[in-house]
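Welcome, and thanks for opening the viewer. Keep your selection tool handy, and we will walk through this structure one stop at a time.

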Amino acid sequence: MSCLFCEIVAGEREAHVVHADEVSFSFLDTRPVFKGHVLVVPREHVETLTDLPEVGPFFERVQAMASAVEEGLEAGGTFVAMNNRISQSVPHLHVHVVPRNKKDGLRGFFWPRTKYVSTEEAETYAAAIRKAR
């Protein structure tokens, strides 16, 4: 099975590489939300967050990339996000690190929002998640 991100990591496809080490590979998104939008992927192929064997080292790289994007682009902050299966355009775990600034126009990234009907309903959801944990 061919994986676009594995091909980038292997050097078989071109990318604007920002950082690479034994844990992760970071490169510019070809369709950025804002210029400087970076994708951080595990070097080894895993599809989702739950498939990642060691979360800590990978997210240390994500944290460092968020800092580098802010500092290097003089951004006011970053938006850091990932999808697991649903809306995951490439089935290889990837974290988006997007530079942000006040009044940059990014709105509605998480829509539609909803509300719990009651505190009881909210507690039902919380209990189901706690039970699965």
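This tour of a predicted model goes from the sheet to a helix and then to two pockets.

**The sheet.** Start by colouring the strands. There are 5 of them in an open sheet, ordered β1-β2-β3-β5-β4, with antiparallel pairing. Now select β1 (17-20) and β4 (77-81): these are the edge strands, and because each has a single partner, one side of each lacks a neighbour in the sheet. On average, neighbouring strands here are turned by 20° against each other, direction ignored.

**Inside the sheet.** Next, pick residues 38-42 and 95-100. These are β3 and β5, an antiparallel pair joined by 3 bridges. Show Val-40 and you will find Val-95 of β5 opposite.

**The helix.** Select residues 55-73 to bring up α2, which lies across β1, β2 (24-28), β3, β4 and β5. Relative to β5, α2 runs at about 20°.

**The largest pocket.** Turn on a surface and look for a pocket of about 580 Å³. Which residues are closest to its centre? Select Asp-29, Arg-31, Ser-89, His-94 and His-96, out of 25 that line the largest pocket. Then highlight α1 (4-9), β2 and β5, each of which gives at least two lining residues; α1 has the largest share, with 3. Coloured by class, this lining shows 14 nonpolar, 7 polar and 4 charged residues.

**The second pocket.** Finish at the second largest pocket, about 170 Å³ in volume. Its lining includes Glu-22, Arg-43, Leu-52 and Phe-58. By class, the lining of this second pocket has 7 nonpolar and 4 charged residues, but no polar ones.

Conventions
Residues numbered from 1 in each chain as written. Predicted model: local features only at pLDDT ≥ 70, side-chain atom pairs only at ≥ 80, totals over all residues. Heavy atoms only, no water. Pairing = 2+ DSSP bridges. Helix = DSSP H or I, 4+ residues; strand = E, 2+ residues; numbered from the N terminus. Axes fitted to C-alpha atoms, helices over the stretch in contact; angles between N-to-C directions. Contact = heavy atoms within 4.5 Å. 1 Å grid on protein atoms, 1.4 Å probe; cavity = no way out; pocket = protein on both sides within 12 Å on 5 of 7 lines; lining within 4 Å. Points joined across faces, edges and corners; volume = space filled by probe spheres on them. Nonpolar A, V, L, I, M, F, W, Y, C, P; charged D, E, K, R; others polar.
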